[in-house]
2 protein chains.
Amino acid sequence: MSQIYDRVALIGLGLIASSLYWAFKRDGLVGEVTGYARSGETRDIAREIGLCDRICDSAAEAVEGADLVVLCVPVGAMDAVAREIAPALKAGATVTDVGSVKRAVIDAVHPHLPDTVHFVPSHPLAGTEHSGPRSGFAELFEGRWFLIVPVEGTDVAVVDQLDTLWQAIGSKTARMDADHHDLVLAVTSHAPHLIAYTMVGVADDLSRVTDSEVINYSAAGFRDFTRIAASDPTMWRDVFLNNKDATLEILGRFTEELFALQRAIRTEDGDMLHDYFTRTRGIRRGIVEAGQDTDAPDFGRTKT
Amino acid sequence: MSQIYDRVALIGLGLIASSLYWAFKRDGLVGEVTGYARSGETRDIAREIGLCDRICDSAAEAVEGADLVVLCVPVGAMDAVAREIAPALKAGATVTDVGSVKRAVIDAVHPHLPDTVHFVPSHPLAGTEHSGPRSGFAELFEGRWFLIVPVEGTDVAVVDQLDTLWQAIGSKTARMDADHHDLVLAVTSHAPHLIAYTMVGVADDLSRVTDSEVINYSAAGFRDFTRIAASDPTMWRDVFLNNKDATLEILGRFTEELFALQRAIRTEDGDMLHDYFTRTRGIRRGIVEAGQDTDAPDFGRTKT
């Protein structure tokens, strides 16, 4: 395949950026890739393991001459990074990001960018509970969705070029509006993560049930929560702070529903419970049929 | 290996019973295995696929002459089954069960059994979201815990013999008191299941987020909930109705904790969120180190 971009800059060198690098290089999809991470230790590790063709000591240096800049920092760091790189961006460059919320990222990044560059936010629905520069692998995106959330007025050819890159690393792509994205993700990702974090925290607090018991007997359901609740703390703090309204709305609905089920248990309404559990089973079938739980690597299964 | 029991009866022919049968036969652990299911259709399927050496048309017939009787019916059906088989049990036989709650099963079964038989309740922490006579496979128990909850005064040799069988099919075993079992399982299994059912129900209700979006974009966390929420509705209805107090207690703690995290999001207390998420990450490490998420087959991964 011919190169889709000549020069690419990865800002932030965690799970997503390192996976992108290995995927780009495996298939020769882009030319030189520069990288930058705020932490000197992360930059040292990147140099040691050959992550990126060139590691720079500032974000501005990394983006110089880049045709595509991918912001792979936590959502809360987007504003500062955008300010820093803006003066160094090449005219005609495309800037994208991989943040899990989109409205807040657009608000944080777009105002700082010069009119001469294109901002095309995106979001890969791919991850594991591991993080950092050593956690990436080229197959992370295979069969996974890469959502593209273009800002109004963006040149279609620019969006198409980025779409081509995400498809070339194995992703399926879809385009949607930022607010809709944030609501869908509140349902499919943000609320489930907060709930998993909560349940794991409760288990940790219960002194009557010893740690080793919770851990040993986790295969009965709890284990699947711990996988989710092991995700990167900084990333998830920023997700909740930046998709606050949609997440709180879904959590409100969740609590309402949980109370209804608790009440059914308390009043021993077995029919209500049985009907509810039968309905939820159908959704699972849809996910398997849609191929979202047969592709490897699966969430959290890859590197353990 | 020499046979651990001569004659075994499996009452109820779902995921656990069918997996037990294939595991017993693979390794020649027992002699003749009889089977019974209430549904004629299930008995026909069992005969068709060679599940059990002999399928009987009543539970009483199936247990005649059996040295070990394994009750594999939903918890809510235990009382009726115990009444039915009691007169037909062989003196000196061991009766066990595989129910997910133990106090309620002991209360339902023990009073009906003659003094000449031994009742040794047990509970395998193994499962998938599939159910029915076709869903079993011999490897289900490998590396998984099989908890044994002896009633007071049971002959140690009788418990040891059952323990040997569960270890022979690949399980790790542990013994504990019924009330402690029910509390531990409320934390590691029952509350997580109810929470997963709830979240999947909420997603299903949200008409603004279309079905196909929830399904397509499920890999970001929601998918792991749907796997749990696809478990057998009858079994889970009975679990909640029969471990009501412990489940409601844990759900109460869960709600309290969820409200604290919701408040942290609303007030934008990023430090609280980050600290919380860092703590929960540590529990995950313990589970991986304890080997509870590396053994195959994993919950829900086996047959999809």
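In this predicted model, B:Arg281 is buried and yet takes part in no salt bridge, the nearest side chain of opposite charge being that of A:Asp232, 4.1 Å away. Since a salt bridge requires a side-chain nitrogen of Lys or Arg within 4 Å of a carboxyl oxygen of Asp or Glu, the separation of 4.1 Å from A:Asp232 does not qualify. The arginine belongs to helix 12 of chain B, which covers residues 270–289, and its side chain makes a polar contact of 2.8 Å with the side chain of A:Ser131. Leaving aside neighbours within four places in sequence, the residues in contact with B:Arg281 include A:Glu129, A:His130 and A:Ser131, together with A:Ala229, A:Ala230, A:Ser231, A:Asp232 and A:Pro233.

The cysteines present a separate topic. A search of the whole structure, over all chains, returns zero disulfides, and two cysteines, one from each of chains A and B, are set out below with the closest cysteine sulfur to each.

| Cysteine | Closest cysteine sulfur | Sulfur distance | Relative accessibility |
|---|---|---|---|
| A:Cys52 | A:Cys56 | 8.7 Å | 8% |
| B:Cys56 | B:Cys52 | 8.7 Å | 0% |

A:Cys52 counts as buried, and its sulfur remains unpaired because the sulfur of A:Cys56, at 8.7 Å, is too far for a bond. B:Cys56 is likewise buried, and the sulfur of B:Cys52 is too far from its own for a bond.

Turning to the annotation, UniProt, in an unreviewed entry, places a transmembrane region at residues 7–24 of chain A. Over those residues of the model the chain is 56% helix and 22% strand, with the C-alpha atoms at the two ends 11 Å apart.

Note on methods
Residues are numbered from 1 along each chain as its sequence is written. Chains are lettered from A and ligands numbered from 1 in the order in which they are written. This is a predicted model: local features need pLDDT of at least 70, side-chain atom pairs count only at pLDDT 80 or more; totals for chains, interfaces and linings use all residues. Side-chain values use heavy atoms; hydrogens and water are left out. A disulfide is a pair of cysteine sulfur atoms within 2.5 Å. Buried means under 20% relative accessible area, exposed over 50%, partly exposed in between (1.4 Å probe, protein chains only). Helices (H or I, at least four residues) and strands (E, at least two) are DSSP runs, numbered from the N terminus. Lys and Arg count as positive and Asp and Glu as negative; His and the chain ends are not counted. A polar contact is a pair of N or O atoms within 3.5 Å; within protein, one must be able to donate a hydrogen and the other to accept it, and residues adjacent in sequence count only if both atoms are side-chain atoms. Contact means heavy atoms within 4.5 Å. UniProt positions are given in the numbering used here, feature names are shortened, and annotations may be inferred rather than shown by experiment.
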